[in-house]
Amino acid sequence: MTAAVKPAVDHRNRLLGYIKRKGGATAAELARQLRMTREGARQQLQALEQGGWITRVRRPGKVRAGRPAFTYEITAAGDHLFPKRYDTLSLNLVDAVAEQLGEKALITLLAALTDQQVEHWRPKLAGKSLGERLKALKGIYFEDDSHTSVQRDAKGYMLVERNCPFLNVALRRPRL
């Protein structure tokens with residue numbers, strides 16, 4: 001990253017962090033808090049809005065002359081930029097089911113989840129060749145997942161996942 005790009009990214013991260021903490025903020029408030037001009041804040045906000053990470057919401061109240069009053073809020077896509085603890089939640093749920101209901105109930109629950117996935121994918125894979133089915137399965141976790149690929153060699157096909165969303169949970173609970 002060049003020195004010219006870094007400050008813009010830093011400003012955007014700071015803007016996002018402030019909006020996240022406050023639940024929303026105006027351009028004027030952000031400019032004040034981050035010690036930048038309103039125009040500078042608006043430019044950064046525009047880039048964040050175009051990226052889909054924030055949205056402008058018209059503030060309720062009297063309409064006055066001049067620019068309309070907007071509050072900027074984090075979108076669902078923007079919220080994903082912040083650290084989450086899904087692994088911990090998943091591990092806690094798995095452990096709680098095993099502790100409260102027993103290992104057999106956990107196995108039954110996991111089998112049901114697997115069966116649901118199989119039923120979800122069955123119509124999408126019907127009538128396709130093995131290669132076509134594997135290519136379709138690239139989207140098993142995320143639509144058009146660029147981290148999953150289908151490889152073919154002399155032994156046959158292989159579906160390669162390089163960004164498994166369940167990796168951290170599976171590493172800590174291998175029986176999953």
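This report looks at two helices and one strand residue in a predicted model.

**Two helices**

Start with the lengths. The table sets the expected span of each helix beside the distance between its end C-alpha atoms.

| Helix | Residues | Number of residues | Expected span | End C-alpha distance |
|---|---|---|---|---|
| H3 | 38-50 | 13 residues | 18 Å | 18 Å |
| H6 | 103-125 | 23 residues | 33 Å | 32 Å |

The expected spans rest on 1.5 Å a residue. For H3, the end-to-end distance agrees with the expected span. For H6, the two values agree as well.

Which residues of H3 are buried? They are Gly-40, Ala-41, Gln-44, Leu-45 and Leu-48. Looking down the axis of H3, these buried residues fall within an arc of 130 degrees, so they line one face of the helix. Just after H3 comes Gly-52, with a positive phi of about 85 degrees.

In H6, the buried residues are Leu-106, Trp-121 and Leu-125. Their cover includes helix H5 (86-101) and helix H7 (130-137). Gly-127 sits just after H6 and takes a positive phi of about 75 degrees.

**A residue in a strand**

Thr-71 lies in strand E2, which covers residues 70-74. Is Thr-71 buried or exposed? Its relative accessibility is 15%, so Thr-71 counts as buried; the cut-off for buried is under 20%.

What does Thr-71 touch, leaving out residues up to four places away in sequence? Its contacts are Gly-24, Ala-25, Thr-26, Thr-55, Arg-56, Val-57 and Arg-59. Take Gly-24 from that list. Gly-24 and Thr-71 are 47 residues apart in sequence, yet their C-alpha atoms are 5.8 Å apart in space.

Definitions and conventions: Residues numbered from 1 in each chain as written. Predicted model: local features only at pLDDT ≥ 70, side-chain atom pairs only at ≥ 80, totals over all residues. Heavy atoms only, no water. Helix = DSSP H or I, 4+ residues; strand = E, 2+ residues; numbered from the N terminus. Expected span 1.5 Å × (residues − 1). Buried < 20%, exposed > 50% of the residue type's maximum accessible area, 1.4 Å probe, protein only. Arc of directions from axis to C-beta. Contact = heavy atoms within 4.5 Å.
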